[in-house]
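Let's take a stroll through this protein chain, one residue at a time. Have the sequence and the 3D view open and follow along.

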Amino acid sequence: MEIFGSLQPLGIEGGTFLMFALLLGLLVTGIPLAFVTLLVALIFALGWFGPTVVPLITSRVYSFVSSFVFVSVPMFVLMAAILDRSGIARDLFDAMRLVGGRLRGGVAIQTIVVAVILAAMSGIIGGEVVLLGLVALPQMLRLGYDKHLAIGVVCAGGALGTMVPPSIVLIIYGLTANVSVGDLFTAAFLPGLMLAGFYVAYVLIRARLNPALAPVPDGPDEPLAEKLRLLKGLILPLLVVAGVLGSIYGGIASVTEASAVGVFGVIVSTILRGEFTFALMKGAALQTLQTVGMIVWIGIGASALVGVFNLMGGIRFVSTLITGISDYPIVILLFMMLILFVLGMFLDWVGIALLTMPIFVPIIVKLGYDPVWFGVLFCMNMQVSFLSPPFGPAAFYLKSVAPPGISLATIFRSLLPFIAMQVLAVAILIVFPGITGR
């Protein structure tokens with residue numbers, strides 16, 4: 001019983017330092033983030049306040065997991081899992097040959113366009129990178145594309161699910177920052193397309209400067225009958241995208257309801273294609289359970305930790321610390337971006353959002369910035385974290401399906417130009433916030 005209140009004499013400065021030191025120390029041991037945050041939250045709840053504070057923490061956790069918008073997360077994950085197991089993405093890629101045609105770098109460009117469509121269907125990056133790694137990467141390598149260019153296009157294109165609505169990153173940010181997810185989707189649409197446009201421009205410029213990097217496919221042009229057959233592969237994916245985004249932007253459905261429309265659309269697509277089986281749905285449901293379980297547990301741990309930290313007065317202390325570094329709001333904003341960039345090298349985006357946004361968003365509002373615009377900035381910053389070493393998840397997803405000769409070092413080296421474009425996109429959004437429509 002002596003532990004109750006024994007941490008209070010440290011003061012908020014010492015308590016904050018000890019909390020973050022304990023967090024880092026436990027993460028280094030390899031314990032999952034969800035359990036680390038829960039353990040640290042429990043230690044500080046009992047050590048600072050005693051058992052009487054536990055009901056307050058559990059009520060905070062309950063309010064997070066019982067949010068109606070949160071229902072959309074498993075729906076979009078299920079969409080991605082069904083796509084992963086069906087041939088929709090493969091047929092979509094084949095159909096996009098009509099876009100690439102005889103253009104130099106055309107296969108890389110069609111890969112980026114397919115990545116945008118897949119992102120608009122599900123909002124999950126892991127499945128996209130794996131799908132493109134299985135479908136697009138072998139084709140580009142077979143055609144003689146430079147392996148660094150091909151790898152970069154697959155990883156960066158697959159990570160567009162972070163930016164292009166319906167992005168799960170935006171949904172989690174909206175829940176954490178208490179802002180409209182619909183507004184976030186509207187604000188992120190153009191920046192997501194802008195980033196995809198950067199990738200397309202990069203491919204075209206590199207191919208123009210060095211034609212050997214992206215050879216033009218040999219052989220006769222596709223006959224009309226084949227073009228019409230390929231075109232059919234575009235119809236179902238575009239109908240699903242129109243159903244999801246059209247129902248949101250048209251004001252017909254909320255984000256949660258639109259996610260159900262998306263799942264229904266993908267299931268109907270698999271039925272029409274003759275691919276629907278019990279085994280497919282069972283595998284997709286189990287994958288969804290695994291992914292959403294991870295997100296929920298991280299959410300529970302992070303909510304509990306932030307709740308304890310807030311009761312300690314830690315959020316007020318850190319806010320004062322951050323706002324005290326400069327009298328210029330832009331400097332404080334750039335400092336936050338730097339913190340997110342560094343955290344992105346080591347932590348999962350879910351943990352970063354849930355741990356930092358309760359501290360950062362009130363500061364942003366106090367400085368006079370729009371929290372919706374900041375949410376788009378946060379998502380663009382998380383784009384960088386998906387690619388940046390040493391723990392960029394997109395690189396590890398691709399490595400799991402890449403040909404044997406491609407090492408992790410090769411993948412990370414290939415991603416450097418795309419990371420630079422993502423950093424440029426962050427800078428443009430800071431200088432020209434009107435791109436988000438805010």
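Ser326 is buried in this predicted model. Its relative accessible area is 15%, and because the cut-off for buried is under 20%, Ser326 makes the grade. Where does Ser326 sit? You'll find Ser326 in the loop between helix H15, residues 314–323, and helix H16, residues 329–344. Its side chain reaches the backbone nitrogen of Tyr328 at a distance of 3.0 Å. If you skip the neighbours within four places in sequence, Ser326 is in contact with Val331 and Ile332.

**A greasy patch on the surface**

Stay in this part of the chain for a moment. Which residues make the nonpolar surface patch of about 1000 Å²? They are Ile325, Tyr328, Ile330, Val331, Leu334, Phe335, Leu338, Val342, Phe346, Phe391 and Phe396. Helix H16 gives the most to this patch, with 6 residues. Val331, which is in contact with Ser326, is one of the patch members.

Let's pick out two others. Val342 lies in helix H16, and Val342 is partly exposed at 40% relative accessibility. Leu334 has its place in helix H16 too, and Leu334 is partly exposed at 44%. Both belong to the patch. To get a feel for distances, try jumping from Leu334 to Val255: they are 79 residues apart along the chain, and their C-alpha atoms are separated by 31 Å.

**Rings that pair up**

Now for the aromatic residues. How many aromatic pairs are there? The count comes to 8 aromatic pairs. Here are two of them, with the distance from centre to centre and the angle between the planes.

| Pair | Centre to centre | Angle between planes | Type |
|---|---|---|---|
| Phe35 and Trp297 | 6.1 Å | 55° | tilted |
| Tyr369 and Trp373 | 5.3 Å | 40° | tilted |

Why do these count as tilted? Planes under 30 degrees apart would be stacked and those over 60 edge-to-face, so whatever is left is tilted. An angle of 55° puts Phe35 and Trp297 in that group, and 40° does so for Tyr369 and Trp373.

The Phe35 and Trp297 pair links distant parts of the chain. Phe35 belongs to helix H2, residues 33–49, while Trp297 belongs to helix H14, residues 278–312, and the two are 262 residues apart. Phe35 is partly exposed, with 45% relative accessibility, and Trp297 is partly exposed as well, at 43%.

What about the other pair in the table? Tyr369 is partly exposed at 22%, whereas Trp373 is buried with a relative accessible area of 4%. The cut-off for buried is under 20%, so Tyr369 ends up partly exposed at 22%.

There is also a group of rings to look for: Tyr199, Tyr202 and Phe418 form one aromatic cluster.

**Around two prolines in a row**

Next, find Pro165 and Pro166. The peptide bond from Pro165 to Pro166 is cis, with omega near 5°. Pro166 has its place in the loop between helix H9, residues 147–158, and helix H10, residues 168–177.

Which residues touch this pair of prolines? One that touches Pro166 is Ser122. Is Ser122 buried or exposed? At 2% relative accessibility, Ser122 is buried. Ser122 sits in helix H7, residues 106–122. Leaving out residues up to four places away in sequence, Ser122 touches Phe76, Met79, Ala80, Leu83, Glu128 and Pro166.

On the Pro165 side, look for Phe189 in helix H11, residues 181–209. Phe189 is partly exposed at 31%. Not counting neighbours within four places in sequence, Phe189 is in contact with Pro165, Leu245 and Tyr249. Tyr249 also gives us a distance to Ser122: the two are 127 residues apart along the chain, and their C-alpha atoms are separated by 16 Å. Phe189 and Ser86 are 103 residues apart in sequence and 26 Å apart in space, C-alpha to C-alpha.

**One last stop**

Finish at Asn178, in the loop between H10 and H11. Asn178 has a positive phi of about 60°, although Asn178 is not a glycine. Asn178 is exposed, with a relative accessible area of 72%. The cut-off for exposed is over 50%, so Asn178 qualifies at 72%.

Conventions
Residues are numbered from 1 along each chain as its sequence is written. This is a predicted model: local features need pLDDT of at least 70, side-chain atom pairs count only at pLDDT 80 or more; totals for chains, interfaces and linings use all residues. Side-chain values use heavy atoms; hydrogens and water are left out. Helices (H or I, at least four residues) and strands (E, at least two) are DSSP runs, numbered from the N terminus. Buried means under 20% relative accessible area, exposed over 50%, partly exposed in between (1.4 Å probe, protein chains only). A polar contact is a pair of N or O atoms within 3.5 Å; within protein, one must be able to donate a hydrogen and the other to accept it, and residues adjacent in sequence count only if both atoms are side-chain atoms. Contact means heavy atoms within 4.5 Å. Rings of Phe, Tyr and Trp (its six-membered ring) pair if their centres lie within 6.5 Å; planes under 30 degrees apart count as stacked, over 60 as edge-to-face and the rest as tilted. Patches are made of residues with over 30% relative accessible area and no salt bridge: like charges are joined within 9 Å, nonpolar side chains (Val, Leu, Ile, Met, Phe, Trp, Tyr) within 5 Å. Accessible areas come from the Shrake-Rupley method with a 1.4 Å probe; for residues, only the protein chains shown count as cover. A salt bridge is a side-chain nitrogen of Lys or Arg within 4 Å of a carboxyl oxygen of Asp or Glu.
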